[in-house]
Amino acid sequence: MGIPVVMSIPELSTALHELRDDLDRAELQAESLIAAVADQHRHSARNLVHYVAVRRRDLRPLQESMSAHGLSSLGRMESIVYSWIETVIETVDALAEGRTRHPIWGDLAGGVRTLTRNRDRLLGRVHPGGGDDATADGPRDEHGERATRVMVTMPTQAADDPDLVRAMGAAGMDVARVNCAHDGPTEWSRMIESVRSLPGRVRVAMDLAGPKLRTGPLEPGPKVIKVKPVRADNGTVERRSRVRLGTTPLDPGARLPDGIDAVIPVRALVDAVQRDQLVLRDARGRRRRLEVVSVSEAGIDAETDRTVYYETGMPIGVAGSEDASRDAARSRRSLVVDELPEKRQHLLVRTGDEIRLQRDLTPAPATRTGPHRIGCELGEAFDDVMPGHRVLFDDGKIAGRVREKLGDEIVVDVERAGPGGTKLRAEKGINLPDTTLHIPALTAADRRDLEFVAARADMVNCSFVRSPEDVADLIDELGRRGAPDVGIVLKIETRAAFESLPQMLLEAMRWDAVGVMIARGDLAVEVGFGRLAEVQEEILWLCEAAHVPVIWATQVLDGLAKTGVPSRAEVTDAAMSRRAEGVMLNKGPYIVEAIEALTSILDRMGGHVEKKRSLLRPLNSFDIDPG
């Protein structure tokens, strides 16, 4: 901006009156949109229109001048725009005329109370079990609770483990998120039953999968698990590897038992005692010998100082019988490895390679050199993508550009990958930031899932929503199912969704309980990582102007949830999430510890972070077109 030029008080008065005239004109133009929202959102819709009108201007000269005169700098006006401007005008005019300032115009705390009420309507109250750190000195809401609610993704094992759900509730989970992209109605029902049994009122949110643009399948790999000891830099073994041979496989994503490197399922257990020797030939034909170190109801624990590749159907003999690799009959003291998961395959993609995206979803061969071929699960994208459009794979780890379109195939030239190549696997996200996809947010599967959601959930998170028409479609579907009490949350995960957010909010305000989720993973890929922080701020500001609660999502304390150890960066990120009304955690083996850590961080940050005070340059991303 250079050196700011400070306006005089008369100049400030003129500029502020012009700004208020802009608000009046904007409200008049959007009159039909405001009239269409639900009665309880009428004031919020009017405030949103005012905010968008204000942010069309570069407010920084005004801010600098008002600060120089000791006046409000407009940095906290989001929740009550018109009254804030009116109050500043009254003050400036009083100074210009040398008269006593008029009493404050309107209730400047009213917008905050409206946002708080809308937060509670959607996200509920804080669960009584968790997060109330006795040492925290941050401000509470009107109920004496922390202001930010904690949403937690339900892992698959929650369907059959009520104790896990109880532990999550006790740690501070306020909203349980069930992802419709995984499991099915049977598992969802059991998860929800466990959540409903928790003390207090833990809400249930269900995520619709939406139309997912993902890579297709690759040819299956071998059913093998590799287990290796821990070695020092010079190759000597510092800790032997330990496996548990049992008849109960480990659930995907579940935490390994303490001290165990892998759980190897076997078809049946045999009698064994400590110090027995297990002998086998692994998947490579290497002879290996393990020592039994303990036997329990859970299975047989055995250790070795060698790397072992376990595979489905592999026989394991107990010393005293013949070598298991030559004993076709296998005695009663032999074990057989049960079904193991297939080893995930990948393409190794390098800068300069060619990727051919295909409508055909036949499993593609795993290749280490280009050209690579892989299916695309959303065939409709082939109709809209054009040469020159960017294509991003796996959260932007691989970036390319469309060279040509050949009917059922899109040829992409890779412009960026890792220095040694980047692994591209099946079911990884594809982003097309330059392409306008003419597909609805609700798929046929989503509409089927809405039957369950309408009957069992408190709110629905709508994926891939990009336009007011998408929001209207969701509202119509819930209306047809007689579910007026199910709140709706718009997931902002694309550039199109970000740019049409004001219109989508006005459409959503026809409904009772409304919220927004900042899906920072896909959004960062779409807008560019360099713009994510800026875009995130703009969403927070806009939703505050609309009195709509925001959920801060994607990779919050992800390292802690998955490994038990957080990074410094993610702790800082979690602390800044206090500025939103809700924060979402994803699943992981250490999810209970992650919930406990997050509630503690939110409590402690309450005294330091609330919303923000910022310089307000003009926002060109947003507009409201009543036509």
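**Exercise 1. The pocket lining**

How do the residues of the lining of the second largest pocket divide into nonpolar, polar and charged?

*Solution.* Note that this is a predicted model. Start with the space itself: the second largest pocket has a volume of about 570 Å³. Next, find its walls. The lining has 19 residues, and those closest to the pocket centre are Ile-225, Leu-250, Pro-252, Val-263 and Pro-341. Then look at the strands. At least two lining residues come from strand 4 (224-227), and at least two from strand 8 (262-265). Finally, sort the lining by type: 12 residues are nonpolar, one is polar and six are charged.

**Exercise 2. The nonpolar cores**

Which residues of the largest nonpolar core touch the most other members?

*Solution.* The largest core holds 115 residues. Within it, Met-206, Ile-539 and Leu-585 touch the most other members. Now take Leu-585 and leave out residues up to four places away in sequence. Its contacts then include Val-150, Met-151, Val-152 and Thr-153. Among the others are Val-556, Leu-557, Ile-591 and Leu-598. A separate second core has 27 residues, among them Cys-376, Ala-381, Leu-432 and Leu-437. As a general rule, nonpolar side chains in soluble globular proteins tend to be buried together.

**Exercise 3. One residue in a helix**

Why is Glu-499 classed as partly exposed?

*Solution.* First, place the residue: Glu-499 lies in helix 12 (residues 495-499). Second, read its relative accessible area, which is 38%. Third, apply the cut-offs: buried is under 20% and exposed is over 50%. Glu-499 is partly exposed because 38% falls in between. Last, check a partner along the chain. Ser-467 is 32 residues apart from Glu-499, and their C-alpha atoms are separated by 9.1 Å.

Notes
Residues are numbered from 1 along each chain as its sequence is written. This is a predicted model: local features need pLDDT of at least 70, side-chain atom pairs count only at pLDDT 80 or more; totals for chains, interfaces and linings use all residues. Side-chain values use heavy atoms; hydrogens and water are left out. A nonpolar core is a set of buried Ala, Val, Leu, Ile, Met, Phe, Trp, Tyr and Cys residues joined through side-chain atoms within 4.5 Å. Buried means under 20% relative accessible area, exposed over 50%, partly exposed in between (1.4 Å probe, protein chains only). Contact means heavy atoms within 4.5 Å. On a 1 Å grid over the protein atoms alone, a cavity is a set of points where a 1.4 Å probe fits but cannot get out, and a pocket is an open set with protein on both sides within 12 Å along at least five of seven lines; lining residues have an atom within 4 Å of a point. Grid points are joined across faces, edges and corners, and a volume is the space filled by probe spheres set on the points. Helices (H or I, at least four residues) and strands (E, at least two) are DSSP runs, numbered from the N terminus. Ala, Val, Leu, Ile, Met, Phe, Trp, Tyr, Cys and Pro count as nonpolar, Asp, Glu, Lys and Arg as charged, and the others, Gly among them, as polar.
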